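Me: I would like a close look at a single part of this structure, namely the sheet. Please take me through how the strands are arranged and what lies across them.

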Amino acid sequence: MNAPTFSAVFVVFVFAALAWRTWLALRQMRHVERHRDQVPADFEALIPVEAHRRAADYTRDKQRIGLAETLAVDGVVLLTLTLGGGIAAIDAASERAFGAGSLRELATVFGVLLASTLSTLPFDLYRTFAVEERYGFNRMTPGLFVRDLAKGMALAVAVGAPLLLLVFWLLRTAGPLWWLYTWLAWLAFTLVLVVAFPRWIAPLFNRFTPLEDGELRQRIERLLARCGFTASGLFVMDGSRRSSHGNAYFTGFGRTKRIVFFDTLIDRLTPDEIEAVLAHELGHFARGHIPRLLSVRFALALALLALLGWLYAEPAFHQALGFSEPHIGALLAGFSLVVPVFTFPFQPLASLMARRQEFEADAFAAQHASARSLASALAKLYRDNASTLTPDPLHSLVYDSHPPAALRIDHLRKADPLNGTASP
């Protein structure tokens, strides 16, 4: 394949992805608007029609800004950086500043990262301080937003630079299989990061305090004992500093596993509902979803790095990006931008696998806690987070990692009869 052919195929995929995503977004907005005035029967006892309308409006506004970002960033900016010579211009500036060598390659990678971040910044600002603010979710201040952005960029450099320097060294010294050794290094790096994240990285952004003694902690400890699950600690995170949305999650690996609750979640749900939500999360571990997910990610990374190894020696790729010879920094940056364009057709498959795992985790929660309490908790979370209860079926099929609310409630009813309602 020559450079013009590669460029033509890439452009076709870019516009196909944009058309597909635009059509799905418009479908979602129309479908939600059509069902704006009717609360699904399973939620009528808990969610007032005004709250349902608010969720529809929130979904519409998020879709609008998301669609604008897609067309601008995944269309104009992407083509400018790749076929438009943007990466080549950043690399030329890096060469003028640092000459040939690893510093040039590092500067190119982080220069492209900076350009991508700046291109999404206006949309992030509008999403946070207009959309989220309008619906009462935003707690972020401009100062906190800037600090988070600065910390994120500094962390990317501090963590990413050593790994990139190792990749550059392997390319020079490891021969044709440099990509395989890169994968092994990335594998070790990822496992270290999973262990390090809860202890040293997450606290840079949030405050974590041990869950207080009381009914909730006792219920959780009994649940962990029943499920044979051990954790290094139960923590409450100050999620309310940034948003009023609620959540809970597991983090860490092996002995570093932690259970984290947003303070907003604890404020809104009853102890039995929190226990049911946690039982759902435990279900992901009990059913082997986490090791399975890591295995898939590791396999995909191996395949992508093998592809990168081939493209590094393929003139069509670097010539399409505006280079007469390959430069690993520029090609890594270009590869990270190009690959998602060709993988969008696989999104429905990834979503399908994720939804199946959610059903399995729900079934585990129904067995070890209470299906009724989980259904009640889900209904409250949908209400308080202004999540639409009536998504477009095709949009949901493609994008949603969680099943639609009504479908989840129906499955939970079969596990534990709820007398036809999702209310507590």
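**A close look at the sheet**

Reply: In this predicted model, Gly233 stands opposite Arg258 in β4, and that pair of residues is a good place to begin. Strand β2, which covers residues 233-237, and strand β4, which covers residues 258-262, run parallel and are joined by five bridges.

Stepping back from this pair, one finds four strands that form an open sheet, and reading across it gives the order β1-β2-β4-β3, with mixed pairing. The strands β1 (208-210) and β3 (248-251) each have a single partner strand and stand at the edges, so one side of each is left without a neighbour in the sheet. On average, and with direction ignored, neighbouring strands of this sheet are turned by 30 degrees against each other.

The sheet also has a helix to consider, for α7, made of residues 215-227, lies across β2 and β4 and runs at about 135 degrees to β2.

For a view beyond the sheet, two further residues can be placed. Asp384 belongs to helix α14, which spans residues 371-384. Because its relative accessible area is 18%, under the 20% cut-off, Asp384 counts as buried, and, when residues up to four places away in sequence are not counted, Asp384 touches Phe137 and Arg268. Leu177, by contrast, is found in the loop between α5 (142-173) and α6 (178-201), and with a relative accessibility of 42% Leu177 counts as partly exposed. Although Leu177 and Ala306 are 129 residues apart along the chain, their C-alpha atoms are separated by 8.7 Å.

Notes:
Residues numbered from 1 in each chain as written. Predicted model: local features only at pLDDT ≥ 70, side-chain atom pairs only at ≥ 80, totals over all residues. Heavy atoms only, no water. Pairing = 2+ DSSP bridges. Helix = DSSP H or I, 4+ residues; strand = E, 2+ residues; numbered from the N terminus. Axes fitted to C-alpha atoms, helices over the stretch in contact; angles between N-to-C directions. Contact = heavy atoms within 4.5 Å. Buried < 20%, exposed > 50% of the residue type's maximum accessible area, 1.4 Å probe, protein only.
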